[in-house]
Amino acid sequence: MRIRRLTLKPYGECSDVTIEFGRGLTVVLGANEAGKSTALDALTDLLWGIPANTRRDSRVKRKDLRIVAQVETAEGTTLLTRKMEELYAADQFTPVIPPWDRALSLDRSWWRTRFGISHEQLRDGGREVFQGRGDLAELVFAAREGASARVLREDIAGQVDAL
């Protein structure tokens with residue numbers, strides 16, 4: 001299953017804004033306040049429902065928020081509409097089971113920890129990289145030096161112990 005298009009109508013400060021997703025990886029870049037977080041929140045709300053305490057209802061009441069998605073599955077392409085907790089077919093009246101989680105075993109926190117990153121997580125990750133810790137730092141070091149930082153540290157520690 002692939003989400004091909006996401007339309008926010010209305011959603012927070014957006015009204016009839018459409019985001020097209022490419023065939024491969026889609027990267028969203030933009031200046032501050034360009035709508036990157038709004039787009040991620042809309043995608044999250046499409047998948048898991050618009051929560052009661054959403055911050056996207058500043059201009060529009062929660063009951064009027066809408067997210068429409070063009071979804072491509074093995075059976076074909078269809079339009080789905082999210083209104084609050086319910087997901088509807090293209091007619092916006094027929095409830096449907098989400099095609100991305102038919103067992104209903106996944107949840108919002110599962111999604112956000114895999115595809116969203118908070119400012120705090122980004123800062124923590126940056127600190128690990130600059131201190132030479134963590135998986136990303138290890139990969140960068142190995143790519144640059146041709147050897148694992150852990151192996152080199154263990155080798156140096158062994159030499160220090162031998163002295």
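**Exercise 1. Find which residues make the nonpolar surface patch of about 410 Å².**

Solution. Leu25, Val27 and Leu29 make this patch. Patch residues have over 30% relative accessible area and no salt bridge, with like charges joined within 9 Å and nonpolar side chains (Val, Leu, Ile, Met, Phe, Trp, Tyr) within 5 Å. Accessible areas come from the Shrake-Rupley method with a 1.4 Å probe, and for residues only the protein chains shown count as cover. Next, place valine 27: its loop runs between β2 and α1 (36–48). Helices (H or I, at least four residues) and strands (E, at least two) are DSSP runs, numbered from the N terminus.

A word on the model: it is predicted, so local features need pLDDT of at least 70 and side-chain atom pairs pLDDT 80 or more, while totals for chains, interfaces and linings use all residues. Residues are numbered from 1 along each chain as its sequence is written, and side-chain values use heavy atoms, leaving out hydrogens and water.

**Exercise 2. Work out which parts of the chain the salt bridge between glutamate 72 and arginine 23 ties together.**

Solution. Start with the contact: the two side chains meet at 3.8 Å, N to O. A salt bridge needs a side-chain nitrogen of Lys or Arg within 4 Å of a carboxyl oxygen of Asp or Glu. Now locate the partners: glutamate 72 is in strand β3 (residues 67–73) and arginine 23 in the loop between β2 and α1, so parts 49 residues apart in sequence are tied together. Finally, look wider: Arg4, Arg23 and Glu72 are linked in a network of salt bridges.
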